[in-house]
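Visitor: I would like to learn how to read a structure like this one. Where do we begin?

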Protein chains: 2
Amino acid sequence: MTLPERTVERLSEYRRSLLQCLEEGKTHIFSHELADLHHNTAVQVRRDIMFIGYTSMQRKGYDLRELVDVIGDILDSERGLNVAVIGIGNLGKAVTTYFVGKRSKLNIIATFDVDTTKIDRVISGVKCYPLSRLKEVVEAQQISIAILTVPADSAAEVTAQLVEADIKGLMNFTTVPLNVPPEIYLDEFDMITSLEKVAYFVKSPQN
Amino acid sequence: MTLPERTVERLSEYRRSLLQCLEEGKTHIFSHELADLHHNTAVQVRRDIMFIGYTSMQRKGYDLRELVDVIGDILDSERGLNVAVIGIGNLGKAVTTYFVGKRSKLNIIATFDVDTTKIDRVISGVKCYPLSRLKEVVEAQQISIAILTVPADSAAEVTAQLVEADIKGLMNFTTVPLNVPPEIYLDEFDMITSLEKVAYFVKSPQN
DNA sequence: AAAATATTGTTAATTAAATCACAGATTCAA
DNA sequence: TTGAATCTGTGATTTAATTAACAATATTTT
């Protein structure tokens, strides 16, 4: 049984709020409280939690610790997954910095670049390899996810190499739509599109 | 009449492909060709184009120039919109660099930061102001969209200032869910969520 | 201990988005 | 010039996601 895509996204978000609440010393949370922390309704929260099969003590709200653990069982891999950032410019550094130090099942353990001044240095806490060693390093370090933050003009080329290196999932931050075989999970985030969408809805409000 | 959100996103993406085709000297494109450039079907392309009320010459495909112009009429504001980037760290720089130099109706004309070593300098081609002058500059320069790329712990605080400054649209790149009044259009992109989603679907493929 | 209240879990209804299916228009081939 | 082929535009259908509605259950109040 696989969860709806949107539910997966929200669970990831819930988890961070829940951990936050735990740190603040809370032990339980109601669906409407969790909803209020996000842009969301109590029904949606309950529906999402129903999907993962967790049930609360009636009327006490959800046990924070238990719920965090159940979400972890769903989202995390037992042993964690290794991640590489391809292209360590401003965006690559930003993404890397977000993750290093966070205790997470996703470990950014390598970055790649063509810039020889970066190679073999530690950037944002992670070692940078030459792109020419991509396949070798991906295999040796069992990297299964790549984050693509290279310039647009090399995106297609690098993607071919990632496919060749047998990557399992790819997060594309370039503005180039990529073609990968269907067994590779691909998610794309396009800044230009996002911003043009904001502009459109600023111009033409919905209601 | 406002368009479906997904259609708006795709139109933004189509436009860039279409401009690319124009540069390559093409004059027309079939729906299935445009679909192939994205992760998309020909029907979806035709449906999207139907929404904006453009019709092609039957059997010749869509006229690239005309279609680009019609999409522009829908997505762009007549006079363009002014945009500010709040927080000019790695992520802020990456976003800014994406946009400057591109001929677009979205003009990044200011960045803001608290770091005094950045203030009054030109970073990624755009002048950096102190965050303390946010409201003043937003009003003076008629900035209507803000891109939020500050550290998580100052996100809520800065957002309150943006609301105060009467911003119209907000693109949130921090991992903190923001609360803004409903008249402000808010779009959020959460890197951690995106990556956790990729991890989930790598672990549990859909079919 | 009965009544009122608050909260969950879930079925049913609704809405939004994507896909199917096909008529109509144009071009191409013979 | 007829017939086959190709492509668009759109009504009808399906699928995915959200929201409404409410019974069941626990808690609090009186």
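Guide: One caution: this is a predicted model. We begin with the sheet in chain A. Strands of a sheet pair through backbone hydrogen bonds, either parallel or antiparallel. In chain A, seven strands form an open sheet with mixed pairing, and their order is S5-S6-S4-S3-S7-S8-S9.

Visitor: Which strands of chain A stand at the edges?

Guide: Strand S5 (122-123) and strand S9 (185-188) of chain A do. Each has a single partner strand, so one side of each is left without a neighbour in the sheet.

Visitor: How many bridges join strand S4 to strand S6 in chain A?

Guide: Three bridges join S4 (residues 106-113) to S6 (residues 126-130) in chain A, and the two strands run parallel. To find one in the viewer, go to A:Asp113, whose bridge partner in S6(A) is A:Pro130.

Visitor: Now the protein interface. What describes its size?

Guide: The size of an interface is often given as the accessible area lost when the parts come together. Here, about 5800 Å² is buried between chain B and chain A. Carbon and sulfur atoms give 66% of that area. The contact takes 63 residues from chain B and 63 residues from chain A.

Visitor: How many salt bridges and polar contacts are there between the chains?

Guide: There are 10 salt bridges between chain B and chain A. One of them joins the side chains of A:Lys197 and B:Glu9, at 2.9 Å from N to O. Polar contact links 28 residue pairs between the two chains, counting pairs with both residues at pLDDT 80 or more.

Visitor: Which element gives the most to the side of chain B that touches chain A?

Guide: H8(B) does, with 13 residues. Other elements that give two or more residues to this side include helix H1 (5-23), helix H4 (64-75) and helix H5 (90-99) of chain B. By class, this side of chain B has 32 nonpolar, 15 polar and 16 charged residues.

Visitor: On to the DNA. Which residues come nearest to DNA strand C?

Guide: Of the 21 residues around DNA strand C, the nearest are A:Ser31, A:Arg46, A:Arg47, A:Arg59 and A:Tyr62. Next, ask which part of the DNA is approached. Sugar and phosphate account for 61% of the atoms of strand C that come within 4 Å of the protein.

Visitor: Can you show me individual contacts?

Guide: Start with A:Ser31, where a side-chain N or O atom is 2.5 Å from a phosphate oxygen of DNA strand C. A polar side-chain atom of A:Arg46 lies 2.7 Å from a base oxygen of strand C. From chain B, a polar side-chain atom of B:Arg10 lies 3.0 Å from a phosphate oxygen of strand C. H3(A) gives the largest share of the surface near strand C, four residues.

Visitor: And which residues are closest to DNA strand D?

Guide: Among the 21 residues that surround DNA strand D, the closest are B:Ser31, B:Arg46, B:Arg47, B:Arg59 and B:Tyr62. Of the strand D atoms within 4 Å of the protein, 65% belong to sugar or phosphate and the rest to bases.

Visitor: Which contacts should I display there?

Guide: Show B:Arg46, with a side-chain N or O atom 2.7 Å from a base nitrogen of DNA strand D. Then show A:Arg47, where a polar side-chain atom lies 3.2 Å from a base oxygen of strand D. Add A:Arg10, with a polar side-chain atom 3.0 Å from a phosphate oxygen of strand D. H3(B) supplies the largest share of the surface near strand D, four residues. By class, that surface has six nonpolar, seven polar and eight charged residues.

How values were computed
Residues are numbered from 1 along each chain as its sequence is written. Chains are lettered from A and ligands numbered from 1 in the order in which they are written. This is a predicted model: local features need pLDDT of at least 70, side-chain atom pairs count only at pLDDT 80 or more; totals for chains, interfaces and linings use all residues. Side-chain values use heavy atoms; hydrogens and water are left out. A residue is near a molecule or strand if one of its heavy atoms lies within 4 Å of it. A polar contact is a pair of N or O atoms within 3.5 Å; within protein, one must be able to donate a hydrogen and the other to accept it, and residues adjacent in sequence count only if both atoms are side-chain atoms. Ala, Val, Leu, Ile, Met, Phe, Trp, Tyr, Cys and Pro count as nonpolar, Asp, Glu, Lys and Arg as charged, and the others, Gly among them, as polar. Contact means heavy atoms within 4.5 Å. Buried area is the accessible area (1.4 Å probe) that two parts lose on being put together, summed over both. A salt bridge is a side-chain nitrogen of Lys or Arg within 4 Å of a carboxyl oxygen of Asp or Glu. Two strands pair if DSSP finds at least two bridges between them.
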